[in-house]
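User: Please go through the helix packing and the nonpolar core of the model shown here.

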Amino acid sequence: MSIETNTPERLELELAIPRFILWFVMLPVLPITLIGLANLIGGEILTALVLLVGLNGAFLAGYIALSERTRLRLDAGSGLVSIIRTSRLGTRQRDYPLEALDSAELDRSHTSREDRSTSKVALVFRDTRPATRVPLSRWGVSGDGPVQVANDINTWLRRHFGGEQTAPASQPSS
């Protein structure tokens, strides 16, 4: 997560998996390709197809799914909440009215052992019954990153709609 802008008029942040993790996903492609080509040259066409198309295709699909970046823009000037999702397959943007945004909440899921959990941030819009929840990412992560994102969004909303004094943009959220 990185905060691009945090002013009384606009909050912009970006959620993405770090690039080095994406490179680790693609790391096995080179050896699998070489082994697949060696099988193709050796006459093992079915094995070569499984390696070159199947396995490399699975790594590529994982890379595409994980490379999605989500940019959230809360803009008081235009009165819009914009969620812009950018991936290798294109860009999609959804706009919602800012006055309908109630809060940001955590969607937690627990493992079977119940001692570890992952969270993802969802925006809650109060203009529907039941409230509409829009997740900001497709995957949950462990740690305090999602908590920080939700706190930053809720703090900005309180400042904007609650009339509080503006806090410095560099102040860490708790």
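The questions and answers below take up one helix pair, then the core and one of its residues.

Analyst: This is a predicted model, in which local features need pLDDT of at least 70 and side-chain atom pairs count only at pLDDT 80 or more, while totals for chains, interfaces and linings use all residues. Residues are numbered from 1 along each chain as its sequence is written, and side-chain values use heavy atoms, with hydrogens and water left out.

User: Are helix H1 and helix H3 roughly parallel or roughly antiparallel?

Analyst: Helices are DSSP runs of H or I with at least four residues, and axes are lines fitted to C-alpha atoms over the stretch in contact, with angles from 0 to 180 degrees between N-to-C directions. The axes of H1 (residues 19–26) and H3 (residues 45–66) come within 9 Å and cross at roughly 165°. Because angles over 145 degrees count as such, H1 is roughly antiparallel to H3.

User: Which element supplies the largest share of the largest nonpolar core?

Analyst: Such a core is a set of buried Ala, Val, Leu, Ile, Met, Phe, Trp, Tyr and Cys residues joined through side-chain atoms within 4.5 Å, and here the largest has 23 residues. Strand E3 (69–75) and helix H4 (145–162) are among the elements that each supply at least two residues. The largest share, 5 residues, comes from H4.

User: What is the relative accessible area of Leu 74?

Analyst: Leu 74 lies in strand E3 (strands being DSSP runs of E with at least two residues), and Leu 74 is one of the residues with the most contacts inside the core. Leu 74 is buried (under 20% relative accessible area, with a 1.4 Å probe and protein chains only), its value being 0%.

How values were computed:
Angles under 35 degrees count as roughly parallel, over 145 as roughly antiparallel, 65 to 115 as roughly perpendicular and the rest as oblique. Buried means under 20% relative accessible area, exposed over 50%, partly exposed in between (1.4 Å probe, protein chains only).
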